[in-house]
Amino acid sequence: MGTTFSSIHVYSSNAVSGFPNFHSFSEGWQTYMPNEEQEDLFAFQKLAKKISRNIDAPVLWFYIFDSESLRFEFYKNGKKVAAYSQMDSNGSKNLYGIPSLIRYES
């Protein structure tokens, strides 16, 4: 059995207001740390979309299943703006747009 988890990260130097349990472990990023273990890993995906509707910063949802399937999505204003899926080639979207989302030159 491999590793399975999901996480949410916000690209912002400021605290994520209105959503508790965010902590900064890396400069410029806020990471969601839930109080309890989340059984439904896709609940994090829904939460990432919700957070992105309420803040003006890119929100990253990351998902790995059984160390075999990797997926991540960036959201802004509740919409998926970039994504990568290891298992689904149609799941990738706007990969070259990611650097500009997090203020890197393309």
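**Exercise 1.** In this predicted model, work out which side chain meets that of R71 in a salt bridge, and which residues are linked with R71 in a network of salt bridges.

*Solution.* Begin with R71, whose side chain meets that of E73 in a salt bridge, with 2.9 Å from N to O. Next, turn to K80, which also forms a salt bridge with E73, the closest N and O atoms being 3.7 Å apart. Both distances can be checked against the cut-off, since a side-chain nitrogen of Lys or Arg has to lie within 4 Å of a carboxyl oxygen of Asp or Glu. Put together, R71, E73 and K80 are linked in a network of salt bridges, and the structure holds two salt bridges.

**Exercise 2.** Decide for E73, for R71 and for K80 whether the residue is buried or partly exposed.

*Solution.* The step needs two limits, because buried means under 20% relative accessible area, while partly exposed covers the range between that and the exposed class, which lies over 50%. E73 has a relative accessibility of 2%, so E73 counts as buried. R71, with a relative accessible area of 25%, is partly exposed, and K80, with 34%, is partly exposed as well.

**Exercise 3.** Find how many aromatic pairs the structure holds, and describe the pair formed by F22 and Y32.

*Solution.* The structure holds seven aromatic pairs. One of them joins F22 and Y32, with 5.4 Å from centre to centre and 55° between the planes, and this pair is tilted. F22 lies in strand β2 (residues 22-26) and Y32 in strand β3 (residues 29-32), so the pair ties together parts that are ten residues apart in sequence. As to cover, F22 is buried at a relative accessible area of 12%, and Y32 counts as buried at 16%. For a second pair, take F72 and F74, which are edge-to-face, with 6.3 Å from centre to centre and 90° between the planes; F72 and F74 are both buried. Returning to F22 and Y32, one finds that these residues form one aromatic cluster with F44.

**Exercise 4.** Identify the residues of the positive surface patch and say which helix gives the largest share of the patch.

*Solution.* The patch is formed by K46, K49, K50, R53 and K79. Its largest share, four residues, comes from helix α1, which spans residues 42-54. K49 is found in helix α1, and with a relative accessible area of 30% K49 is partly exposed.

Terms used:
Residues numbered from 1 in each chain as written. Predicted model: local features only at pLDDT ≥ 70, side-chain atom pairs only at ≥ 80, totals over all residues. Heavy atoms only, no water. Patch = residues over 30% accessible without salt bridge, like charges linked within 9 Å, V, L, I, M, F, W, Y side chains within 5 Å. Areas by Shrake-Rupley, 256 points an atom, 1.4 Å probe, with all protein chains shown as cover. Lys, Arg positive; Asp, Glu negative; His and termini not counted. Charge placed at Lys NZ, Arg CZ, Asp CG, Glu CD. Helix = DSSP H or I, 4+ residues; strand = E, 2+ residues; numbered from the N terminus. Buried < 20%, exposed > 50% of the residue type's maximum accessible area, 1.4 Å probe, protein only. Phe/Tyr/Trp six-rings, centres within 6.5 Å; stacked < 30°, edge-to-face > 60°.
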